[in-house]
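Hello,

Here is the structure you asked to look at. Please open it alongside this message; my notes follow below.

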Amino acid sequence: MDFYSRVDSSALHLSAWNWYRLPPLPASPIRAASASTMVISIPSSQAPFVVVAYTIFVTLIFGALLRIVHYLVLSLFPLRNSGNRTVMLVAFYNSTNFSTSAYLMFDYLWQALRHSTRDRKRAIDHPTARAAASLMGIALLMTGGDAVAKFLVGANSLVRGNYATVRPEAIFYPDFSDLDKQSQSDTFNNSSFQKLALLHTTAAETAAARWETVKKQLEGVVKFEYKVTNPGGYGGDPTKPEVKITYGYSLTGFDMGILNAPDFRYEVKGQCLTDYWQYWVKDKRMDMYKSFHNPDPDWSDGFDPVNEQFSGPFMNINPPNLEQGDDSRSFSITPHTAGRASLDENHHDPWYMTERNPRYNSTTEKGGEFRVARGRPALNCTQIDSYSHGGATVHNASGIPNLPKLKMSKFLSETVLFYEFDTAPIIKISNVMGPAALASNRFYFPNQHQFMPSKASMEKDFERLVGICYLASREVARNTVLLYPTIDQTGLTNLAEEAGGVPKKYADILLNSTDASALSVYTLVITPIICILLWSIVGLRLFYLSGRWNTDVDKALTRLNLRTAALQATQLYCFLDEKVSNGQGKKWSERLSMSPFIKDQKMDRPDEESGQVGHTMPVLVMVAGVGGGETDAAGGVGTGDSSSRVGDSEPKYTAIETVREEKERYMVQMSAPGAEPSDDGGMLLRTSTEPCQLDIAQILSDALG
């Protein structure tokens, strides 16, 4: 979750040779959490071409896996001299995809369970059912795996996000200590002072603008609680309600864009209590607040509400330059809200409760009818900052470089984080933003010198201030690339430079930009390797092992080679064609290859020799055996009756010699002579002494050796 504006692509290090480890990514609405991985960053305009190439490789990988699964099934599936098993293997092998195979195997399973018979009684064919279930399970597994892989092995496996490291020459961090040095020097450089002061203000104002747009997203990230502890008021005065404010937030190194220390943790916990004791009146005009650290009046903070009646609200923090102690920081916030003239009222807020304005002129209506009451309470605050890594914790920014196992660059740990956090961000931001730090200041209208306390709220003021601190702290490392280099650097010192340039080791800053795409090196390398490996196995099978024959059909390789050729649709056609070729014999060559061929052209095109037009192809039909009869010794149809009607009893296989196309009409020449149509449209077959009966099981047996 990043809130900064578009990054100048010239600051990004986009190169296929810049390998770096991307930290674990948290879950987001569009992607799941991911582990740390090595990546490269390339321009987003080039990423689609890489993704397309990756998709092609993934497709080829699954194509190879499907082939290998087919090979395993062909070589290991036991036929056991079963016609059902053989035809199931043929169906599995010749299916166009595994979903079709699963459907066909389910059909075989159903028939084995519901339609199988033994001794003319229905009985479950357990061996066939187990075989069909096994093949169906394999087909479903591959179908499901293919579908799931399309979701899991998608582009997200390659593109890990829009991240990139920065170019070293894009880093600039000025020496902000010059602000103090120049203000105390006799040779004050006003130009440099203004540049540095402007950077501080711009960083805070940028964070303030982001807070207004992302505060809903940060609910629960920035913790804030406002609780009225004593509604009856301090000393029993209902105009002095007592309030307790607790706040806190934490940032990781990844949140801050620190590449090599993603587990570094910066945590803030604070508490503020209203304190009416600090307030006292001097000369009946001045609202004074005793110092939180020193009760001496000379250390007090005060103002004249009358002089500020037409000013916007703001606050002072005392002491203004509080540095971190051993464990905690303690400071006081003085509200400059009293005396602000207004046209409406507030009866409950500690900082903006109103009273009648004694200076209001009802005749001229000059000034407001109401004003913020005097005696608004200060806030006494205690804040604990923690910096953790490697199981150790320190409470001072100067101790960050000493944390164990911290790989953060010296530039970030000793320079940037020290300066940004040595003074509490809440104090620094309040000082540089002035009245703009308060959310209630938007209800002050300077042109009319009017303020609307009814809309103002101490709760909203402090919640906004804490939110700004969170966002400003989050960007301290990225500002060295996104903000600070944007100013005129003339006369300013770049603390990132060493020996005239910024070392590459200081560029351990990670940016999120739509101009960059971080690609997984592991995926880029392993995907083509797996693809090449799998297709090498397939190629080895096709071009080397396929020619190795062995008479021992028990060997898996031999079975694979025999079944791969014999069960292919082209081979089955060849065997069938030779069975019905009227004694032409084995006219097909390359019988054990994947591409059988008829070398003799006369055998291939006999119609050219006879002058006939059209084409022929052998096909099979099922005809019924003769009612009550059996096959005779010659292999013909039984003679129990002079004829049989198709469909009357158990089907057997016989052959049709040819199907010939002539003038877009089909003529069927039956192998059994004398066939004629019956009255009801059926086909009657008469007995023949020379039938052409065809046994599919025998054909497959011949094909498989």
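**Notes on the model**

L259 sits in the loop that runs between β9 (242–252) and β10 (265–275). Please keep in mind that this is a predicted model.

Is L259 buried or exposed? L259 has a relative accessible area of 8%, and because buried means under 20%, L259 counts as buried. Setting aside neighbours within four places in sequence, L259 is in contact with Y20, R21, P23, T165, D508, I509 and L510. One of these contacts, R21, is 238 residues away from L259 in sequence, yet their C-alpha atoms are 8.1 Å apart in space.

Next, helix α1 (residues 47–76). How do α1 and helix α12 (residues 556–566) pack? Their axes are 8 Å apart and form an angle of about 105 degrees. Angles of 65 to 115 degrees count as roughly perpendicular, so α1 is roughly perpendicular to α12. On the α1 side the residues that meet α12 are Y71, L74, S75 and L76. Their partners in α12 are A556, R559, L560, R563 and T564.

α1 also contributes to the surface. V52, I56, L60 and W535 make a nonpolar surface patch of about 340 Å². Helix α1 supplies the largest share of this patch, with three residues. I56 lies in α1 and has a relative accessibility of 49%, so I56 counts as partly exposed.

Helix α8 (residues 425–433) is mostly covered, with seven of its nine residues buried. Which residues of α8 are buried? They are P425, I426, I427, K428, I429, S430 and M433. After α8 comes G434, which has a positive phi near 65 degrees.

Two residues other than glycine have a positive phi as well. For K405 the phi value is about 60 degrees, and K405 is in the loop between β20 (392–394) and α7 (410–422). K405 has 72% relative accessibility and therefore counts as exposed. For A499 phi is near 55 degrees, and A499 belongs to the loop between α10 (479–482) and β23 (510–512). The relative accessible area of A499 is 90%, so A499 is exposed.

A good place to begin is L259 and its list of contacts.

Regards

Technical notes: Residues numbered from 1 in each chain as written. Predicted model: local features only at pLDDT ≥ 70, side-chain atom pairs only at ≥ 80, totals over all residues. Heavy atoms only, no water. Patch = residues over 30% accessible without salt bridge, like charges linked within 9 Å, V, L, I, M, F, W, Y side chains within 5 Å. Areas by Shrake-Rupley, 256 points an atom, 1.4 Å probe, with all protein chains shown as cover. Salt bridge = Lys/Arg side-chain N within 4 Å of Asp/Glu carboxyl O. Helix = DSSP H or I, 4+ residues; strand = E, 2+ residues; numbered from the N terminus. Buried < 20%, exposed > 50% of the residue type's maximum accessible area, 1.4 Å probe, protein only. Contact = heavy atoms within 4.5 Å. Axes fitted to C-alpha atoms, helices over the stretch in contact; angles between N-to-C directions. Parallel < 35°, antiparallel > 145°, perpendicular 65-115°, else oblique.
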